Amino acid sequence: MCYDPDAAPPAFSPAARPPAEAAPLTLTSADGTEFGAFLARPEVTTGVGVLVLPDNKGLSGFYRKTAERLAEQGHPALVLDYYGRTAGAFPENRPTEFGELPNLLPHLLALTPEGLDADLTAALERLRTDGPAEVVALGFCFGGRQAFRAAAPRFGLTGAVGYYGYPDTINGAPGPTQLAADLTAPILAFWGGADEHIPSAAVEAFDAALTGAGHPHEFVTYPGAPHNFFEMSAVEHFGAARDSWHRLLEFLARSR
């Protein structure tokens with residue numbers, strides 16, 4: 001679990017112009033499930049769309065602000081919530097206790113690859129409705145893992161970026177490492193060298209699997225950085241956060 005309710009993404013690039021739209025919306029998956037989302041749309045689109053995949057708490061203020069930061073740079077950005085099937089379509093109506101692990105866990109365990117894929121597909125369709133066809137997935141923690149999975153051809157992404165997304169198996173379920181041979185979109189991955197949740201051996205195995213599959217990817221590890229170094233209050237890791245932000249923007253520019 002990455003970010004507290006009051007967390008905010010850092011800001012390094014000057015805002016080109018404020019978003020023309022930044023508002024919640026409700027989307028409908030292929031199986032009829034309604035789920036929450038948040039769209040930030042620039043006044044003038046100058047880059048690829050970005051599908052923002054949050055950590056396992058779902059759609060929170062951190063990710064709304066992240067979408068707005070991206071829209072300021074000319075990227076339409078849409079964040080989706082994972083829990084429409086079990087917790088309702090309106091994340092803003094959930095009790096604050098939802099983000100605590102004992103209360104979140106039943107909803108997290110109820111997620112399925114099929115449901116996640118259906119929701120990602122619906123979100124991508126909405127993002128492409130009035131934006132560019134080229135879309136990059138950007139995920140954090142649990143969302144980073146999903147962003148790597150979304151590099152599969154069925155989603156049609158031009159790239160996938162993951163911050164500290166666990167790449168190996170979880171409870172027997174294959175992770176991005178095991179799926180590497182089936183991934184096609186270029187991957188950019190950021191890792192914390194002091195991340196207690198993701199051992200370096202898991203990162204190395206993912207790197208080796210992608211290399212063996214001939215998959216284009218770039219891994220960047222920041223020595224001494226923890227699991228959630230990309231956050232406004234993590235001032236001691238300012239350099240890592242700033243460097244990753246600029247690398248992210250460069251990756252988005254190359255993905256057009």
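What follows is a short back-and-forth about a predicted model of a single chain.

Me: How do you know that the chain agrees with a compact globule?
Reply: Set the two radii side by side. A compact globule of 256 residues would have a radius of gyration near 18 Å, and the chain has 17 Å, so the two agree. The C-alpha trace spans about 40 × 40 × 35 Å along its principal axes, and the chain has eight helices and eight strands.

Me: What makes up the buried share, and what do the contacts add?
Reply: Buried residues, those under 20% relative accessible area, make up 53% of the 256 residues. As for contacts between residues at least 6 apart in sequence, 75% of them join residues at least 24 apart.

Me: And the outside, what supplies the exposed area?
Reply: The chain exposes about 10,700 Å², and carbon and sulfur atoms supply 53% of that. On the charge side, there are 17 positive and 30 negative charges, with mean positions 5 Å apart.

Me: How do you know that helix 4 has the length it should?
Reply: Helix 4 covers residues 113-129, which is 17 residues, and at 1.5 Å a residue they should span 24 Å; the end C-alpha atoms are 24 Å apart, so that agrees. Helix 1 (residues 61-72) passes a similar check: its twelve residues reach 17 Å from first C-alpha to last, close to the 16 Å expected.

Me: Why is L127 called buried?
Reply: Buried means under 20%. L127 has 2% relative accessibility, so it counts as buried. It lies in helix 4, whose buried residues also include G115, L116, A123 and L124.

Me: What does L127 touch?
Reply: Leaving out residues up to four places away in sequence, L127 touches L39, G49, V50, L51, P76, A77, L78 and V135. Take V50 from that set: L127 and V50 are 77 residues apart along the chain, yet their C-alpha atoms are separated by 8.1 Å.

Me: Why is R126 called partly exposed?
Reply: Partly exposed is the band between under 20% and over 50%. R126 has a relative accessible area of 23%, so it goes in that band. R126 is in helix 4 too, and beyond its neighbours within four places it is in contact with L25, L27, L39 and L78. With L27 the sequence gap is 99 residues, while the C-alpha atoms are 8.0 Å apart.

Me: Why is Y63 called buried?
Reply: Y63 has a relative accessible area of 0%, so against a limit of under 20% it is buried. Its place is in helix 1. Setting aside neighbours within four places, Y63 is in contact with Y3, V52, P54, D55, G58, V79 and F140. Y63 and P9 are 54 residues apart in sequence, with 8.0 Å from C-alpha to C-alpha.

Me: Which other residues of helix 1 are buried, and what covers them?
Reply: Among them are F62, T66, A67, R69 and L70. The cover over the buried residues of helix 1 includes strand 2 (34-41), strand 3 (49-53), strand 4 (77-80), strand 5 (135-140) and helix 8 (238-254). Following helix 1 comes G74, with a positive phi near 95 degrees.

Me: What makes C141 and N171 worth a look?
Reply: Neither is a glycine, yet C141 has a positive phi of about 60 degrees and N171 has one of about 50 degrees. C141 sits in the loop between strand 5 and helix 5 (142-149), while N171 sits in the loop between strand 6 (159-163) and helix 6 (176-179).

Me: Are those two buried or exposed?
Reply: One of each. C141 is at 12% relative accessibility, under the 20% limit, so it counts as buried. N171 has a relative accessible area of 77%, over the 50% limit, so it is exposed.

Me: Why is L179 called partly exposed?
Reply: Its relative accessible area is 23%, between the limits of 20% and 50%, so L179 is partly exposed. L179 lies in helix 6 and touches R149 and P174, not counting residues up to four places away. L179 and R254 are 75 residues apart in sequence and 24 Å apart in space, C-alpha to C-alpha.

Note on methods
Residues numbered from 1 in each chain as written. Predicted model: local features only at pLDDT ≥ 70, side-chain atom pairs only at ≥ 80, totals over all residues. Heavy atoms only, no water. Helix = DSSP H or I, 4+ residues; strand = E, 2+ residues; numbered from the N terminus. Rg over C-alpha atoms; globule rule 2.2 N^0.38 Å. Buried < 20%, exposed > 50% of the residue type's maximum accessible area, 1.4 Å probe, protein only. Contact = heavy atoms within 4.5 Å. Areas by Shrake-Rupley, 256 points an atom, 1.4 Å probe, with all protein chains shown as cover. Lys, Arg positive; Asp, Glu negative; His and termini not counted. Charge placed at Lys NZ, Arg CZ, Asp CG, Glu CD. Expected span 1.5 Å × (residues − 1).
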